[in-house]
Structure formats: structure tokens, C-alpha cells
Amino acid sequence: MKHSRTALWVSTGVVAVTGIVALVLLLVPGAADKRDDLAGSDIDLTADIQEFAQRMSAESGYTQPSPAERKAIGEGVERVLDGKPLEAKTALAAVGYTISKRVDTATKRTFYEVAESTDRSRGWGRILIDPAGTVHLGIEVPHPKADQGSERLGADLFRKVPGSVLVIAGAHRRAAPDKQADMAHTNESVFETVHELLAQRRVPVMQLHGFRNETAPDSDAVVSAGPKLHSPYAERVAQRLKDAGVSVCLSWVTGCEGLEATTNVQAQWVVAHGGDFAHIEVSADARFTAELSDRVVSALAQEAVGR
């Protein structure tokens, strides 16, 4: 009988404590929100990014963001980078952006995605953030679909580099007049805001593009640092590619006309403010031949993680 009373007291105590916790979560502002793990659906990352790019139109789909909208999204991304993803929700929600926690079905890696709400489509892009410790690399894809296959390279590289950030444009580069939707040639974009945030944190950035084989027929890839063409970081990236058996045009040695990123605004920002930036053009053959594409991605990943 004594044991039965003890069990009853313990049971009653558990119920009481549970009730108190539930009451606290209801009454304390923000307490219930802290239970929210931002869970989203699991996805095959590369397939999802490719499908996202294929839906883009070269004729429409982009609305230029205001400075306040760019700032709000930048603040949200910054909080995620600081390890405070829950704090990003309010800043992002104010401009129609969301944050979700997702799992890549191929690698089983968890990452955060900052993207437009499902009922919004302004072409501002997606930002994927792997929370695994120190940020090792910023991966930028400014011309999805237009540089066909560059979006897959970006997703594959993100998969190979823990602690990386993938920034992919949300519209075709010709979706708006006056290069407003061309992320490599406008500094009034969410894409540029996130680029500056990464560069300010001294995160090395690799920006991925694609070119037609005939533009540089003897090269699988073209590497440049932008306006000044050369930098120690660009040289290291190029050497990694060459070591992997990839034929590389070095813009600072032989010149690679039309593929040197001399007018690229992200490169210009790094030149003016400091940081590591490599503009990497990849041939159609190297983008669409599985074995060669994997060599390109693996070489870039090795440079990013220092192996």
C-alpha cells in the first residue's frame, strides 16, 4: 500500500510539472517559439536546385528589392551565420522570406534555407547555410539556367564542403531590363548583400559560371580574380584544378577574352574592400560530362577545406 501511494504521488507530481511547463510556454512571450526547430521537408538538393533553375523565364520573374528589403534579408542571414536561426525569423518574415531547416536526402546533411515564402516570387534567390562549425566557403551561382549546369555545380560543391554557404540567384539574368536581374552586374540585389556579408567575414568566395566550348576551345575552366585578374587565392584555385587534370586558362597569364570578370560587381567589391574571390568559368563539356564535372567540384572542395 505504501508503494502504491508513492507511485501515485510521483505520477501526480509529473502531471503537475507537465502542466506548469505547458502553462509557462503559453504565457511567456517567445517561449513556445523556442520549441520550433524550423523543420522543413527533406530534399534531394541537387535535383531541387536544378528544378528551381529550370522554372526560370528569360522574359520575366524579377522585381528589384529596396534597400530596406535587402538589409532585412542580410540581417536574417547574419543571425543564421551567428548560430541564431530562430532570431532570423522575424527579420525575414517582414519582407516575405522564411527560414527552414532541411536535410539533403543524398548526404543526410542538415542545412538552413533562407528563401522567399511560397506565395511570393520576386526572383531574389535562395541562401543555403550549412551550420557545421566555421564557414569555410561562400559558393555563388549568379546565372542559373542562363549558364546551364552552373546551378548543379554549386549544389554539388555545397554537398562536398561542410560549413559552406550557397547563394543562388532567383531569376534568369535577362528577366528584367538594364541588367537588374543579372546578379554579377548589379549591386542592388539580395545576392550582392549576402556576398558583401560573406566577404566582410573573410569567407573565401567561389563564383561559378559556364561558357560555350567554342569560346575557349582549349580550356575546361577559366579562373580570374576579377578586375585585377590575379590574386594568390585565384592562383591556388587554378592550381587545384590543374592538379586534378582540368585544363585551365589563367586569365593573368594568357588572357581569356570575355571570361575574365573584369566588370563583375562582386569581384569589384572584394578588390575595394579585401577578401578572397575566385571567378570560375566552366566549359559545357566540363559541366555536362559527369567524370570531368566531378573532378572540377572535387578540386574546388579540396581547396575550400584545405586538404
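User: Which residue in S3 does Glu 113 stand opposite?
Analyst: This is a predicted model: local features need pLDDT of at least 70, side-chain atom pairs count only at pLDDT 80 or more, and totals for chains, interfaces and linings use all residues. Numbering runs from 1 along each chain as its sequence is written, and side-chain values use heavy atoms, without hydrogens and water. Strand S2 (residues 110-116) pairs with S3 in the antiparallel sense over three bridges; pairing takes at least two DSSP bridges. Across from Glu 113 in S3 stands Leu 128.

User: Which residue in S5 stands opposite Ile 129?
Analyst: S3 also pairs with strand S5 (residues 164-168). That pairing is antiparallel, over four bridges. Opposite Ile 129 in S5 stands Val 165.

User: Which residues lie on the two sides of strand S3?
Analyst: Strand S3 spans residues 126-129, and both of its faces are covered. Its four side chains are all buried, that is, under 20% relative accessible area (exposed is over 50%, partly exposed in between; 1.4 Å probe, protein chains only). In a regular strand, side chains alternate between the two faces of the sheet. One side of S3 has Arg 126 and Leu 128; the other has Ile 127 and Ile 129.

User: Over the face of which residue does Arg 126 lie?
Analyst: A charge sits over a ring if NZ of Lys or CZ of Arg is within 6 Å of the ring centre and within 35 degrees of the ring normal. Arg 126 lies 4.8 Å from the ring centre of Phe 52.

User: What is the angle between the planes of Tyr 97 and Trp 124?
Analyst: The structure holds two aromatic pairs, with ring centres within 6.5 Å (six-membered ring for Trp) and planes under 30 degrees apart for stacked, over 60 for edge-to-face, the rest tilted. Tyr 97 in strand S1 (residues 97-103) and Trp 124 in the loop between S2 and S3 are 27 residues apart. Tyr 97 is buried at 2% relative accessible area, and Trp 124 at 4%. The pair is stacked, with centres 6.2 Å apart and planes at 20°.

User: What is the centre-to-centre distance between Phe 111 and Phe 158?
Analyst: Phe 111 lies in strand S2 and Phe 158 in helix H5 (residues 150-160), so the pair ties together parts 47 residues apart in sequence. Phe 111 is buried, at 2% relative accessible area; Phe 158 is also buried, at 2%. Their planes meet at 85°, edge-to-face, and the centres are separated by 5.8 Å.

User: Which residue has its charged end over the ring of Phe 158?
Analyst: Phe 158 is part of helix H5. At 5.6 Å from the ring centre sits the charged end of Arg 109.

User: Which residues does Gly 255 touch, not counting those up to four places away in sequence?
Analyst: Gly 255 lies in the loop between strand S8 (248-250) and helix H8 (265-273). Gly 255 is partly exposed, at 30% relative accessible area. With contact meaning heavy atoms within 4.5 Å, Gly 255 touches Cys 249, Leu 250 and Glu 260.

User: What percentage of the chain's residues count as buried?
Analyst: The chain has 10 helices and nine strands, taken as DSSP runs (H or I, at least four residues; E, at least two) numbered from the N terminus. Of contacts between residues at least 6 apart in sequence, 73% join residues at least 24 apart. The buried share of the 307 residues is 50%.
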